[in-house]
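Colleague: Could you walk me through this one before I go back to the bench?
Modeller: Gladly, let me put it up first.

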Amino acid sequence: MKYPCRLDKFLSKAGHISRSDAKKYIKNKRVTVNSQIQTNAQFAIGESDKVSLDSKELKLIEHQYFMLNKPIGYLSTEAEANHPSAMSLIDSPLKIHAAGRLDVDTSGLLLLTSDGQWSHKVTSPNSKKFKDYRVSLADAVSDNDLQLLAKGLLLRGEDKPTLPAVTKRINEKQFILSISEGRYHQVKRMCAAIGNKVIALHREKIGDVMLDNELQPGEYRELAETEIASFN
């Protein structure tokens, strides 16, 4: 928002109310500017002015940015009949969306924001940000299999192999897979291409942003300024 701006516009944006309600609150002497009652809806608000509604100071929040430890069973999109939306776990007055998706049966790091331009930077192929997944397989994975995944392989129904990836073994059935693409069900399809099946998938990192290990499934926190800026 550009300053100076009208009081009713500021109140509507900061209080997340309609412009007509903002005018009503101003008229009813419920709004103060710098501790003084202000009844003029067109009063010019500067960036340093303090606006309060019913004695509660309002802060103008342009955008918010969150990391969520998404539990299994939640969608990254809007809720459907059988599954709730991950957005329902976030307490925000703004309309937020997921910057990138996780399947309903995949857990871990999900970034959410109200900033469409920022989420485009997170998801754009041009960003070339690697995403780290902890993969649990039904059967043991060989060193040769990990090399094939890292080198890139042709997925069923596609004409171009996957881009080179990075693999790191955890144990005989678990490993970390780092990929810079976001093809449809890519990790599951890559593992199917080596004759194995994913039984659990957990995203741990996107670019330089690592899932906070203090966050339990369903918990979230706001991103730090450095984390937000890492995608700019």
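Modeller: What follows goes from a strand to two helices and then to a pocket.

Modeller: This is a predicted model, in which local features need pLDDT of at least 70, side-chain atom pairs count only at pLDDT 80 or more, and totals for chains, interfaces and linings use all residues. Residues are numbered from 1 along each chain as its sequence is written, and side-chain values use heavy atoms, with hydrogens and water left out.

Colleague: OK, strand S9, how many of its residues are buried?
Modeller: Eight of the eight residues of S9 (residues 106-113) are buried, so the strand is largely enclosed by the rest of the structure. Buried means under 20% relative accessible area with a 1.4 Å probe and protein chains only, exposed means over 50%, and partly exposed lies in between; strands are DSSP runs of E with at least two residues, helices are runs of H or I with at least four, and both are numbered from the N terminus.

Colleague: And which way does S7 run against S9, parallel or antiparallel?
Modeller: S7 (residues 65-70) and S9 run antiparallel and are joined by six bridges, with Leu68 partnered by Leu110 in S9. S9 and S13 run parallel, with three bridges between them, and there Gly108 has Arg203 in S13 as its bridge partner. Strands count as paired if DSSP finds at least two bridges between them.

Colleague: Switching to helix H3, which of its residues are buried?
Modeller: Trp118, Ser119 and Val122 are the buried residues of H3. Seen down the helix axis they fall within an arc of 95°, so they line one face of H3, the arc being that of the directions from the axis to the C-beta atoms. Gln117 and His120, on the other side of H3, are exposed.

Colleague: What about H5, what do its buried residues pack against?
Modeller: Gln186, Val187, Met190 and Cys191 are the buried residues of H5 (residues 186-193), and they pack against strand S10 (131-137), helix H4 (143-151), strand S12 (174-179) and strand S13 (198-206), where contact means heavy atoms within 4.5 Å.

Colleague: Last thing, what volume does the largest pocket have?
Modeller: The largest pocket has a volume of about 660 Å³. Of the 31 residues lining that pocket, Arg101, Tyr133, Gly182, Arg183 and Arg203 are the closest to its centre. On a 1 Å grid over the protein atoms alone, a pocket is an open set of points where a 1.4 Å probe fits, with protein on both sides within 12 Å along at least five of seven lines, and lining residues have an atom within 4 Å of a point; the volume is the space filled by probe spheres set on the points, which are joined across faces, edges and corners.
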